[in-house]
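Opening the notebook on this one. I want to look up a few spots and jot down what turns up.

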Amino acid sequence: MMRTRPLKVALLGCGVVGSEVTRIITTQADDLAQRIGAPIELAGIAVRRPNRVREGVPSDLLTTDATALVKRGDIDVVVEVIGGIEPVRTLITTAFEHGASVVSANKALLAADGASLHAKAAEHGVDLYYEAAVAGAIPLIRPLRESLAGDRVTRVLGIVNGTTNFILDKMDSTGAGYSEALDEATALGYAEADPTADVEGFDAAAKAAILAGIAFHTRVTIDDVHREGLTEVTAADIASARKMGCTVKMLAICERSADGRSVTARVHPAMIPLSHPLASVREAYNAVFVEAEAAGRLMFYGPGAGGAPTASAVLGDLVAACRNKLAATTGAGESAYTHLPVSPMGDVVTRYHISLDVADKPGVLAQVATVFAEHDVSIDTVRQQGKDGEASLVVVTHRAKDAALSATVGALRNLDTVRGVASIMRVEGE
């Protein structure tokens, strides 16, 4: 039997995502009520600019006093789509203190301070949900937290930023340089006016921290994630990848060590074989591979950003939080019992593609090969092209530690015959 008294929802933020959340709550009210077991009522919307025109958003619900809204005491669930660290952290903890569960899309805050937010929610017997924080509409957090709760996840590998995937896809498909591809992404609305968070990997690093923490039942913050941007990726790198039967993708990679005693989390551009399913992920789409001991390899694919896709994930969490309110219970909270340390990037083992500018004369290849051998980095393939006294030397290694590779590159720079290191890129997905 359905309860007639509505559950009250407060919305913090009414931009692209918040407006879509409002629209869905309004237009699908009857269906949502049936799924939840009670109607939901949008009780207030906190915004910074109340006079801005927002089509379909009731103006009488708008307020600039977000603190008063979350302190009301009759709010059952607060939906936060503002972003940033403060004042959002304070607003969320205040909502907990006044008995409200929280649904958030705030990857930056969760990656920086998720542990204390989970603790605060548990202290007050409420929920903290954030499916929309990682991959837009793609169901990923709930499968990791619930569907795979009985399995042992060993690796999470994926494309979790649509802007960078669009840029690299255009560089690959059209031969454009980085700047040209970024300009197109900006013109189409895929890149912000300031694209730093995307192209320098901060956005993906926050998502990697969240995914690693959930997948491996340990605490990982954004400061634990090794991060490299894609601004140094050139058209020549893309072309070189093609010659290897690869393409370049910006990847988030979270791994449990072979002995199970530590984890790693990293974000950087990497070459992957064209045969790998991630190689075919085009435009601004996201895709994530999850590898588990019993389940094997699972792939999650879909739009990773945008108002409607992100709102879909928010509403899924809202339904879950409202159901829990009706049942006077809470869902799964933080699981961090393993206390696994995060290993430094130097301990990560992978393959590398290294492009060197060298003198075109006898003995150069032997000198380079000697340096690799001295640092215990095994060479898989070598390709050399030379003209007019100058040459390019492309070396692809077998798997080696990042620290050993860094030492190798440092030694190569000291060779008189090496004019410079044109690029270094990891090779993944094999």
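Before the surface entry, a note to self: a patch takes residues with over 30% relative accessible area and no salt bridge, and nonpolar side chains are joined within 5 Å. I also keep in mind that this is a predicted model.

**Entry: surface patch.** I looked for a nonpolar patch on the surface and found Tyr285, Met299 and Tyr301, which together have about 300 Å² of accessible area. I then checked tyrosine 301 by itself. Tyrosine 301 lies in strand β12, which covers residues 296–303. Its relative accessible area is 47%, so I log tyrosine 301 as partly exposed.

**Entry: the sheet.** Which order do the strands of the six-stranded open sheet take? I read β3-β2-β1-β4-β5-β6, with parallel pairing. β3 (62–63) and β6 (128–129) are at the edges with a single partner strand each, so each has one side without a neighbour in the sheet. I followed β3 to its partner: β2, residues 40–46, pairs with β3 in the parallel sense over two bridges. For isoleucine 45, I noted leucine 62 in β3 as the bridge partner.

**Entry: alanine 235.** I found alanine 235 in helix α12, which runs over residues 235–243. Is alanine 235 buried or partly exposed? I get a relative accessible area of 34%, so alanine 235 is partly exposed. Skipping neighbours within four places in sequence, I list Met171, Gly175 and Ala176 as the contacts of alanine 235. I also took the distance to alanine 369: 26 Å from C-alpha to C-alpha, with the two positions 134 residues apart in sequence numbering.

How values were computed:
Residues numbered from 1 in each chain as written. Predicted model: local features only at pLDDT ≥ 70, side-chain atom pairs only at ≥ 80, totals over all residues. Heavy atoms only, no water. Pairing = 2+ DSSP bridges. Helix = DSSP H or I, 4+ residues; strand = E, 2+ residues; numbered from the N terminus. Buried < 20%, exposed > 50% of the residue type's maximum accessible area, 1.4 Å probe, protein only. Contact = heavy atoms within 4.5 Å. Patch = residues over 30% accessible without salt bridge, like charges linked within 9 Å, V, L, I, M, F, W, Y side chains within 5 Å. Areas by Shrake-Rupley, 256 points an atom, 1.4 Å probe, with all protein chains shown as cover. Salt bridge = Lys/Arg side-chain N within 4 Å of Asp/Glu carboxyl O.
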